[in-house]
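User: I'd like to learn how to read the interfaces and a sheet in a model like this one. Can we go through it feature by feature?

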Amino acid sequence: MTQPSTPTYTLAELAEHLDARLVGDGSRRLNGLATLKDAGPDRLAFLTNPTYLKDLAATAAGAVLLHPEHAAQCPVDRLELDNPYLGYAKLSRLFDPLLSRPPGGIHPSAVVADDARLGEAVEVGPLAVVEAGVELGDGVVVGPGCVIGAGARIGRGSRLHPNVTVCHGVVIGERAILHSGCVIGGDGFGFAHDGDGWHKIAQLGRVVMGDDVEIGSCSSIDRGALEDTRIGNDVKIDSQVQIAHNVQIGDHSALAGCVGIAGSTRVGRYCMLGGGVGLAGHLTICDRVQVTGMSLVTNSIEEPGVYSSGTGAMQNAQWRKNAVRFKQLDEIARRLARLEKRDPQG
Amino acid sequence: MTQPSTPTYTLAELAEHLDARLVGDGSRRLNGLATLKDAGPDRLAFLTNPTYLKDLAATAAGAVLLHPEHAAQCPVDRLELDNPYLGYAKLSRLFDPLLSRPPGGIHPSAVVADDARLGEAVEVGPLAVVEAGVELGDGVVVGPGCVIGAGARIGRGSRLHPNVTVCHGVVIGERAILHSGCVIGGDGFGFAHDGDGWHKIAQLGRVVMGDDVEIGSCSSIDRGALEDTRIGNDVKIDSQVQIAHNVQIGDHSALAGCVGIAGSTRVGRYCMLGGGVGLAGHLTICDRVQVTGMSLVTNSIEEPGVYSSGTGAMQNAQWRKNAVRFKQLDEIARRLARLEKRDPQG
Amino acid sequence: MTQPSTPTYTLAELAEHLDARLVGDGSRRLNGLATLKDAGPDRLAFLTNPTYLKDLAATAAGAVLLHPEHAAQCPVDRLELDNPYLGYAKLSRLFDPLLSRPPGGIHPSAVVADDARLGEAVEVGPLAVVEAGVELGDGVVVGPGCVIGAGARIGRGSRLHPNVTVCHGVVIGERAILHSGCVIGGDGFGFAHDGDGWHKIAQLGRVVMGDDVEIGSCSSIDRGALEDTRIGNDVKIDSQVQIAHNVQIGDHSALAGCVGIAGSTRVGRYCMLGGGVGLAGHLTICDRVQVTGMSLVTNSIEEPGVYSSGTGAMQNAQWRKNAVRFKQLDEIARRLARLEKRDPQG
């Protein structure tokens with residue numbers, strides 16, 4: 001692609017974009033975002049976390065986005081908004097150089113099947129492959145080196161970063177963002193045993209993803225065995241995540257890096273799985289469950305709430321002593337019960 | 001590739017393929033597999049798990065594959081087989097649209113070295129690279145975007161899905177299936193320290209894989225430092241798995257997603273590692289060992305059996321109390337022993 | 001690339017390369033390295049670990065690299081060096097066939113932007129993409145299928161194995177080694193919540209890597225949200241590692257396979273993280289911290305040393321009993337305290 005250039009906006013344009021209250025010079029030009037500490041006069045800073053209130057008075061930012069309650073302490077022009085963090089998110093996209101580039105069209109080195117159906121303003125980058133029967137909605141961007149397998153469908157406004165693989169028959173909704181190295185629709189892990197060796201079960205289902213889904217770098221979502229693996233709307237999946245066949249993830253759930261979910265497990269809506277969490281197969285996790293980092297879940301969860309397993313790190317010498325005792329834990333509990341029985345005051 | 005179309009078979013053809021007992025109309029045409037619940041009259045359903053026996057009476061499937069003991073309850077045509085799950089596996093491959101496509105030949109956009117030796121009916125997809133001295137056996141399929149490094153050898157009937165990387169000198173057996181994004185033969189992680197910084201140890205070994213190996217999406221198998229990393233016959237490796245240098249995996253073993261095996265560890269035959277299991281380096285794991293999900297193995301295992309570590313998830317509030325106590329566990333055990341000593345009845 | 005051939009050296013050349021003491025026939029030709037057990041007369045073996053001293057007397061190697069203290073027991077020609085393991089590392093690179101190939105130039109199938117600035121002796125492999133504004137230093141090798149995003153800079157002597165993705169604006173130092181499937185500069189995982197759904201925070205920072213960094217297969221290093229994700233000099237990162245946005249890794253640190261580091265955490269210099277270790281976000285880990293495999297770190301670490309969490313694997317039947325007791329651990333501790341209180345000798 002051509003080298004992206006960073007756009008600039010006036011403070012008035014930014015205020016209008018957010019429907020925020022502007023106090024100061026609306027004609028001021030800003031070319032990016034920065035922290036209160038780092039921002040210069042051409043940057044918009046923001047205060048979204050009271051921890052950084054100490055940096056407000058001395059900021060050299062051109063303007064600051066903040067909650068009205070901190071307005072009095074702001075030494076420069078400002079945008080006032082009830083949810084400044086949400087405002088920051090919305091403005092950040094204005095300054096993303098990738099998003100302001102004009103679409104690049106179909107690069108002559110891309111290999112696009114004759115019968116692929118491409119919407120308007122579609123971009124297919126250099127050395128990408130779009131196989132037979134693929135449908136790409138309006139404004140879809142397929143990065144360099146991507147491969148879109150036969151019959152896959154990608155909804156309008158979706159962006160595939162370089163070297164993404166979408167396997168045959170996969171269905172991706174609108175406004176998806178797929179990061180480099182991710183693989184959508186590889187085979188699930190299914191085999192029958194004949195007593196001696198393994199017989200592969202062909203994975204005949206698809207992956208079907210809703211709208212507004214994001215998938216991180218090097219993540220993999222396996223296709224279903226017979227039914228489809230299903231990712232709901234507005235599901236956000238970080239890097240290095242593995243989703244096995246037939247899994248279902250409910251709308252608005254978020255999965256941090258290195259999560260692994262085994263086959264046929266259903267995760268509800270508005271769930272949040274911390275980094276490295278593992279869910280065993282064939283579980284049902286209800287809505288609004290949060291699991292903290294690196295926990296292992298081996299049973300279904302029926303109550304919303306926060307769940308955890310494991311133990312935090314400690315100095316190795318201390319840990320060794322405790323870890324050895326873990327292997328005696330059942331015995332310790334039995335010995336304690338025996339003592340209690342004998343206790344004359346018990 | 002051209003868009004695959006799903007093949008159809010008569011019930012008699014399916015019976016013959018499985019050597020199963022056919023009861024019903026052998027001329028019935030079936031175009032796919034489905035669950036008892038979802039199947040329509042053009043689908044074959046199957047009963048492989050008694051849990052689903054309740055769905056049998058009401059199935060709308062064209063026919064059902066099941067064990068003879070359930071034949072009497074089957075309301076439609078049927079195939080009887082002693083191991084219906086194995087039968088399902090075998091039939092599933094008949095219905096895989098990828099497997100019924102004719103080979104596509106060498107795509108003009110692929111870059112194939114002059115001295116590469118290609119067997120009969122080899123397919124090299126668009127924008128794939130086959131470097132010097134590579135050998136591809138009969139019927140090998142190299143998907144779009146794959147790179148096969150110099151001198152690598154891939155046995156007949158193997159299939160590489162899109163965007164697979166096989167590094168120089170790697171040896172892959174017959175009928176391998178490599179899923180998108182996997183990397184076979186990247187460098188192992190070896191460095192010498194000079195007291196201040198790291199000096200790379202060139203990784204001069206190879207990866208050598210037996211026949212009938214499957215490797216999942218985004219998995220990586222590192223080349224050996226001096227000797228080879230070795231993957232036995234009929235080894236099945238899921239997605240996001242990491243195999244370090246000089247590891248050996250015995251025949252018929254299966255590794256679920258997100259497993260990590262550190263350098264020089266040897267895993268026996270018929271082993272099964274659950275999702276997210278970690279094996280430390282330089283261990284020997286004997287045949288027929290099963291390790292449950294997310295367990296950490298830091299010592300060699302000499303007895304077949306099932307092994308585990310860790311603790312299951314619980315509500316966070318409860319977990320916090322217990323996890324704190326884990327740090328006191330050695331002290332708790334000592335205090336208990338002290339009490340026991342003082343116990344007059346002890 | 002053309003098929004690499006293994007170089008050969010005389011024993012005198014190897015001695016000079018290491019500044020080692022040569023005892024024997026300096027004109028002897030050697031074409032590779034091997035273990036004491038496997039080496040034939042055309043190989044150099046080495047003794048770097050006393051465990052293998054037993055193999056020294058019977059070695060058939062052409063020569064052996066060892067510490068002077070073992071010289072008397074060496075039955076063949078030898079190179080004596082105080083740090084033979086470091087010597088092995090240095091020699092291993094002489095025998096790496098990839099490193100002795102002449103650079104291949106710009107392959108005609110590569111797509112290189114007109115305004116990309118390429119140093120001398122740069123190699124861009126088949127079907128690689130180098131976007132607008134990219135700078136590649138002298139001797140950089142870009143493997144087949146790699147994509148280098150707009151404006152990225154890669155320092156001289158760096159090597160990108162096949163199918164690497166370097167995203168736009170990323171800065172990579174000199175002599176980097178990036179293995180296949182790794183992704184440098186994908187988006188960090190940042191979203192604001194509006195009470196119902198997620199709003200993406202554009203990731204406007206970069207990844208900035210120092211010199212002599214190595215990144216393993218299928219690893220991902222996310223770009224910063226506003227500031228940069230920073231990887232120091234001589235940092236070694238294994239395969240399947242995930243580094244989230246805004247993380248900083250100090251010089252000379254090493255991260256084994258499957259490590260995951262959450263956002264904004266800072267790791268010091270000379271740290272070593274074992275396989276599968278997870279670091280929570282916003283932590284500070286001081287210099288010279290070592291964390292053992294699969295440990296979870298949820299608090300900052302201010303003292304150098306070795307840290308651990310978790311428990312080792314045991315037989316499943318035994319583990320089940322102990323794991324159940326873990327859920328009673330706080331109650332066990334309270335019951336013990338109660339007994340102690342009642343103890344008349346307490």
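Analyst: Happy to. Let's begin with strands that meet across a chain boundary: E37(B) and strand E38 (residues 314-315) of chain C pair in the antiparallel sense, over two bridges. Keep in mind that this is a predicted model.

User: Which residue stands opposite Met314(C) in that pairing?

Analyst: Ser308(B) does, with Met314(C) sitting in E38(C). Look at chains A and C as well: strand E38 (residues 314-315) of chain A pairs with E37(C), antiparallel and over two bridges. There, Met314(A) has Ser308(C) as its bridge partner.

User: How do I get a feel for the size of an interface?

Analyst: The size of an interface is often given as the accessible area lost when the parts come together. For chain B and chain C, that comes to about 6,100 Å², with 63% of it on carbon and sulfur atoms. On the chain B side, Phe189(B), Trp198(B) and Leu226(B) lose the most area to chain C, together 12% of what that side buries.

User: And how many residues does each of these two chains bring to the contact?

Analyst: Chain B brings 74 residues, and chain C brings 74 residues.

User: Now the polar part. How many salt bridges are there between chain B and chain C?

Analyst: The count is three. One to click on is Arg325(B) with Asp330(C), whose side chains meet at 2.7 Å, N to O. Polar contacts are a separate tally: between chain B and chain C there are 23 residue pairs, both residues at pLDDT 80 or more.

User: Which elements of chain B make up the side facing chain C?

Analyst: Several supply at least two residues each, including strand E19 (183-186), strand E21 (198-200), strand E37 (305-308) and helix H4 (329-342) of chain B. The largest share, seven residues, comes from H3(B). Sorted by class, this side of chain B has 35 nonpolar, 28 polar and 11 charged residues.

User: What should I look for between chain C and chain A?

Analyst: Use the same checklist. Here 74 residues of chain C are in contact with 74 residues of chain A. The buried area is about 6,100 Å², of which carbon and sulfur atoms give 63%. In chain C, the residues losing the most area to chain A are Phe189(C), Trp198(C) and Leu226(C), together 12% of what that side buries. The salt bridge count across this interface is three. Glu214(A) and Lys200(C) form a salt bridge, with their closest N and O atoms 2.8 Å apart.

User: Let's go inside one chain. In what order do the strands of the open four-stranded sheet in chain B run?

Analyst: Read a sheet sideways, strand by strand. The order is E2-E6-E5-E4, and the pairing is mixed. Strand E2 (21-23) and strand E4 (44-46) are the edges, each pairing on one side only. On average, neighbouring strands are turned by 20° against each other, ignoring direction.

User: Are E4(B) and E5(B) parallel or antiparallel?

Analyst: Parallel: three bridges join E4(B) to strand E5 (residues 63-66). For a concrete pair, take Leu44(B), whose bridge partner in E5(B) is Ala63(B).

User: Which helices touch this sheet?

Analyst: Helix H1 (residues 11-18) of chain B lies across E2, E4, E5 and strand E6 (77-80) of that chain, running at about 10° to E6(B). Helix H2 (residues 84-94) of chain B packs on the sheet too, touching E4 and E5, and its direction makes about 125° with that of E5(B).

Methods
Residues numbered from 1 in each chain as written. Chains lettered and ligands numbered in written order. Predicted model: local features only at pLDDT ≥ 70, side-chain atom pairs only at ≥ 80, totals over all residues. Heavy atoms only, no water. Pairing = 2+ DSSP bridges. Axes fitted to C-alpha atoms, helices over the stretch in contact; angles between N-to-C directions. Contact = heavy atoms within 4.5 Å. Buried area = accessible area lost by both parts, 1.4 Å probe. Salt bridge = Lys/Arg side-chain N within 4 Å of Asp/Glu carboxyl O. Polar contact = N/O pair within 3.5 Å; in protein donor to acceptor, adjacent residues only side chain to side chain. Nonpolar A, V, L, I, M, F, W, Y, C, P; charged D, E, K, R; others polar.
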